[in-house]
Amino acid sequence: MKIFDSVATKLDIREFSDKEVPKDIKLRVLEAARLSSSGINSQHWRFILVQSKEGLKKLAEDSTTGKWVANSNFAVMVLTNPKYNFHLIDAGRVAQNMQLVAWEEGVASCVFTGIKEELLRKDFNIPNDLYPAIVVGFGYPKRKIKGRKNRKPIDELVFIEKYGNKFDRDKL
Ligand SMILES: Cc1cc2nc3c(=O)[nH]c(=O)nc-3n(C[C@H](O)[C@H](O)[C@H](O)COP(=O)(O)O)c2cc1C
């Protein structure tokens with residue numbers, strides 16, 4: 001799959017089948033995380049792979065907006081260091097890279113950011129200097145994915161040269 005097609009077709013999916021994601025795909029997703037770029041190449045992030053049923057259940061319990069993760073096949077928690085003012089940008093980029101690489105292999109995913117921080121920290125032994133920025137849950141989709149993305153049109157989002165200048169395909 002071309003990268004553009006992966007971006008264009010990936011939807012955030014919250015319902016997963018029971019089918020196991022093979023080891024090599026899991027490793028590929030983790031490699032995508034490791035190989036991502038971070039501000040000043042600080043690689044301040046650390047990742048927790050959660051793949052046991054109990055771990056995924058706990059992760060769901062410790063979330064406010066990610067209960068669906070209990071039924072994922074595995075999840076990756078992205079921890080970032082808030083001393084870098086760009087740490088959340090790094091978290092978003094690494095999450096997206098993992099999602100796109102997974103989707104290239106037919107593995108769907110979704111992210112969540114709503115957490116019960118104190119509980120999550122305790123349950124997953126998260127050190128104080130790292131912040132649980134985002135969690136990505138992965139698995140094969142439960143149903144066939146169909147439907148289009150619900151996105152604003154390009155001319156509502158893009159301006160040319162200065163904010164307010166109307167986008168025009170003929171001017172590209
Ligand atoms: C930064 C960020 C935070 C998100 N947080 C949550 C979340 O807490 N829980 C959740 O179920 N989905 C979360 N999502 C998923 C979004 O709801 C989803 O990307 C958006 O609705 C577009 O979905 P689509 O790509 O399937 O059209 C988050 C997405 C992003 C990019």
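## Questions about a predicted model

User: Let's start at the ligand. Which strand gives the most residues to the shell around the ligand?

Analyst: This is a predicted model, so keep that in mind as we go. There are 13 residues around the ligand, and L11, D12, T65, F112 and T113 come nearest. Three residues of the shell come from one strand, which covers residues 108–112 and gives the most: β3.

User: Which class of residue is the shell around the ligand richest in: nonpolar, polar or charged?

Analyst: Let's go through the classes. The shell has four nonpolar residues and three charged ones. The remaining class has six residues, and that is polar.

User: Zooming out, how many helices and strands does the protein chain have?

Analyst: Walk along the chain from the N terminus and the elements run α-α-β-α-β-α-β-α-β-α. The C-alpha trace they belong to spans about 55 × 40 × 30 Å along its principal axes. Counting up the elements gives six helices and four strands.

User: What is the order of the strands in the sheet?

Analyst: The sheet is open, has four strands and uses antiparallel pairing. Its edge strands are β1 (46–50) and β3, each pairing on one side only. From one strand to the next, the twist averages 20 degrees. Put together, the order reads β1-β2-β4-β3.

User: Over how many bridges does β4 pair with β2, and over how many with β3?

Analyst: Some facing residues help you find your way: A75 stands opposite G137 in β4, and M77 stands opposite V135 in β4. Over on β3, C110 also stands opposite G137. Both pairings are antiparallel: β2 with β4 over seven bridges, and β3 with β4 over five bridges.

User: Is β4 largely enclosed or left open?

Analyst: To count as buried, a residue needs 20 or more other C-beta atoms within 10 Å of its own. Eight of the nine residues of β4 are buried, so β4 is largely enclosed by the rest of the structure. For the whole chain of 172 residues, 28% count as buried. The word for β4, then, is enclosed.

User: Which helix gives the most residues to the largest nonpolar core?

Analyst: In soluble globular proteins, nonpolar side chains tend to be buried together. The largest nonpolar core here has 34 residues, with A75, V78, M98, V135 and V136 having the most contacts inside it. Two or more residues come from each of α2 (23–35), α3 (53–61), β2 (74–80), α4 (87–104), β3 and β4 (131–139). The biggest giver, with seven residues, is α4.

User: Which residues of β4 does A75 touch?

Analyst: Leave out residues up to four places away in sequence, and A75 touches V50, L56, L59 and V69, among others. β4 covers residues 131–139, which lets you pick out its members from the list. The rest of the contacts of A75 are V135, V136, G137 and F138.

User: At about what angle does α4 run to β4?

Analyst: Two helices are worth a look here. α3 lies across β1, β2 and β4, running at about 115 degrees to β1. α4 lies across β2, β3 and β4, and its angle to β4 is about 10 degrees.

User: Is K152 buried or exposed?

Analyst: K152 is found in the loop between β4 and α6 (154–157). The C-alpha atoms of K152 and R46 are separated by 34 Å, with their positions 106 residues apart along the chain. A residue with 12 or fewer C-beta neighbours within 10 Å counts as exposed. K152 has 7 C-beta neighbours inside 10 Å, so it counts as exposed.

User: And A8, is it buried or exposed?

Analyst: A8 sits in helix α1 (residues 3–9). Its C-alpha atom and that of G164, 156 residues apart along the chain, are separated by 26 Å. With 12 C-beta neighbours inside 10 Å, A8 counts as exposed.

User: Where is I40, which has a positive phi, in the chain?

Analyst: Most residues other than glycine have a negative phi. I40 has a positive phi of about 45 degrees although it is not a glycine, and N41 has a positive phi too, near 50 degrees. I40 is exposed, with 9 other C-beta atoms within 10 Å, and N41 is exposed with 7. N41 is found in the loop between α2 and β1, and I40 also lies in the loop between α2 and β1.

Terms used: Residues are numbered from 1 along each chain as its sequence is written. This is a predicted model: local features need pLDDT of at least 70, side-chain atom pairs count only at pLDDT 80 or more; totals for chains, interfaces and linings use all residues. A residue is near a molecule or strand if its C-beta atom, placed from the backbone, lies within 6 Å of it. Ala, Val, Leu, Ile, Met, Phe, Trp, Tyr, Cys and Pro count as nonpolar, Asp, Glu, Lys and Arg as charged, and the others, Gly among them, as polar. A nonpolar core is a set of buried Ala, Val, Leu, Ile, Met, Phe, Trp, Tyr and Cys residues joined through C-beta atoms within 7 Å. Two residues are in contact if their C-beta atoms, placed from the backbone, lie within 7 Å. Two strands pair if DSSP finds at least two bridges between them. Axes are lines fitted to C-alpha atoms, for helices over the stretch in contact, and angles run from 0 to 180 degrees between N-to-C directions.
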